[in-house]
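Colleague: I should be grateful for a close look at a single part of this model. Please describe the sheet of interest in detail and then place it in its surroundings.

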Amino acid sequence: MATLDLVGVRKSFGATDVIHGIDLSVVHGEFCVFVGPSGCGKSTLLRMIAGLESVSAGELRIDGARVNELGASERGLAMVFQSYALYPHMSVRQNLSFGLENIRVAREEIDRRVAEAARMLRLEPYLDRRPGALSGGQRQRVAIGRAVVREPKIFLFDEPLSNLDAELRVRMRAELGALHDRLGNTMIYVTHDQVEAMTLADRIAVLRDGRCEQFDRPLELYNAPANMFVAGFIGSPRMNFMPAKVAARDGAAATLTLAAGGRVRVEAVTGSAAEGADVTFGVRPEHVKLVEAGAGDADMHVNLTEQLGGESYVYGTIGDGHEVTARLPGQTRVRGGETVGMALSKSTATYLFGKDGRALKRGAANA
Ligand SMILES: Nc1ncnc2c1ncn2[C@@H]1O[C@H](COP(=O)(O)OP(=O)(O)OP(=O)(O)O)[C@@H](O)[C@H]1O
Ligand SMILES: [Mg+2]
């Protein structure tokens, strides 16, 4: 068993507050991912959990017990860094066993664990090589192996794949998922790659400026972002946001006037969006349907199209230059310089946000 609770956790470096009070509960066996822009505090939070940084206020609990005052080696955790941090003068076998020798684990037990980790991570052919004679992916597997042999309660990963090339990242991502399935440990994983987050996580914590904006299952974040930040951060290309005013309310529906021109109807509004209120209309690029100019809710002046074969991106502007992106399945005949219409009201996958950025609609029906 290994649960992890963060209760009002804060961190300051001198006079600078970096983590502003984070509450999170990670359940046993959960693969939890921290995502967020550079500098938002992901590594700091992970290092606090690891015991490599002190906690300025609040409480960290592992299996319900406070660990704030426990040293890193007493918490039963193992951390894997982006930089691998392998010992260059030691063989792979020595790199794997060194930490266990230090804490005086019996020789046979060390050999058993090293053999098992090497088999699991397909490192057997390289056990007698030094890290300098391994590829990046092999080195990262050694770094992961070094965590595995410690049989930690919780694994902590800080961007473990970001030094690998794109193809290897995809392969290692699948291997990490398989490792989690096999071991069943609680894992906390930091990345700013949202594909990694979406594919690996049971739940994702979206961090921004030292605060947790939303902690939820990947598709829940995608379909029902709590606010504009999460809506813009999850999904690529990012969601189109259009400033608007509520022109009329009719039960749960609202008719909006877009600042850039055009009118849109939004269904299933739950938050307060009174007539006259300033709001932001949101629609993901894949839900922008293109029609003939004048036949949609607003017209778009196309600047550029990109044809990827299987799908196409159409980049343009509405009104006085507000940028919009549409993502279409297959190939498109639309070209730069044309004007097309955008059918927005027909989509059920539209979003609405208040002046404070909070969602005024309980998610979108995407399925
Ligand atoms: N030892 C330190 N002293 C002062 N400020 C620090 C220290 N370590 C980190 N910070 C600051 O804390 C903030 C969060 O840093 P952190 O490394 O946790 O971000 P991150 O989300 O991991 O970013 P990245 O995605 O770039 O790795 C940053 O503004 C950083 O400058
Ligand atoms: Mg970091």
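In which order do the 5 strands of the open sheet with β20 stand, and is their pairing parallel or antiparallel?

Modeller: The model is a predicted one, in which local features need pLDDT of at least 70 and side-chain atom pairs count only at pLDDT 80 or more, while totals for chains, interfaces and linings use all residues. Residues are numbered from 1 along each chain as its sequence is written, and chains are lettered from A and ligands numbered from 1 in the order in which they are written.

The open sheet in question runs β13-β12-β11-β14-β20, with antiparallel pairing. Strands here are DSSP runs of E with at least two residues, and helices are runs of H or I with at least four, both numbered from the N terminus. Two strands count as paired if DSSP finds at least two bridges between them. In general, the strands of a sheet pair through backbone hydrogen bonds.

At the edges stand β13 (263-266) and β20 (350-353); each has a single partner strand, so one side of each is left without a neighbour in the sheet. On average, neighbouring strands of this sheet are turned by 40° against each other, direction ignored; the axes are lines fitted to C-alpha atoms, and for helices over the stretch in contact, with angles from 0 to 180 degrees between N-to-C directions. Strand β14 (residues 278-283) is joined to β20 in the antiparallel sense by 4 bridges. Within this pair, Val-283 has Thr-350 of β20 as its bridge partner.

A further open sheet of 5 strands follows the order β15-β19-β16-β17-β18, also with antiparallel pairing. Its edge strands, β15 (289-291) and β18 (322-329), each pair on one side only. Here the average turn between neighbouring strands is 45°, direction ignored. Strand β16 (residues 298-307) pairs with β19 (residues 339-343) in the antiparallel sense over 4 bridges, and Met-300 stands opposite Val-340 in β19.

As for the wider setting, the protein chain is divided into domain 1 (4-232) and domain 2 (237-345), with bounds that come from an automatic or database domain assignment. The C-alpha centres of the two domains lie 39 Å apart.

Elsewhere in the chain, the residues around ligand 1 include Phe-13, Lys-42 and His-192; a residue is near a molecule or strand if its C-beta atom, placed from the backbone, lies within 6 Å of it. Helix α1 gives the most to this shell, with 3 residues.
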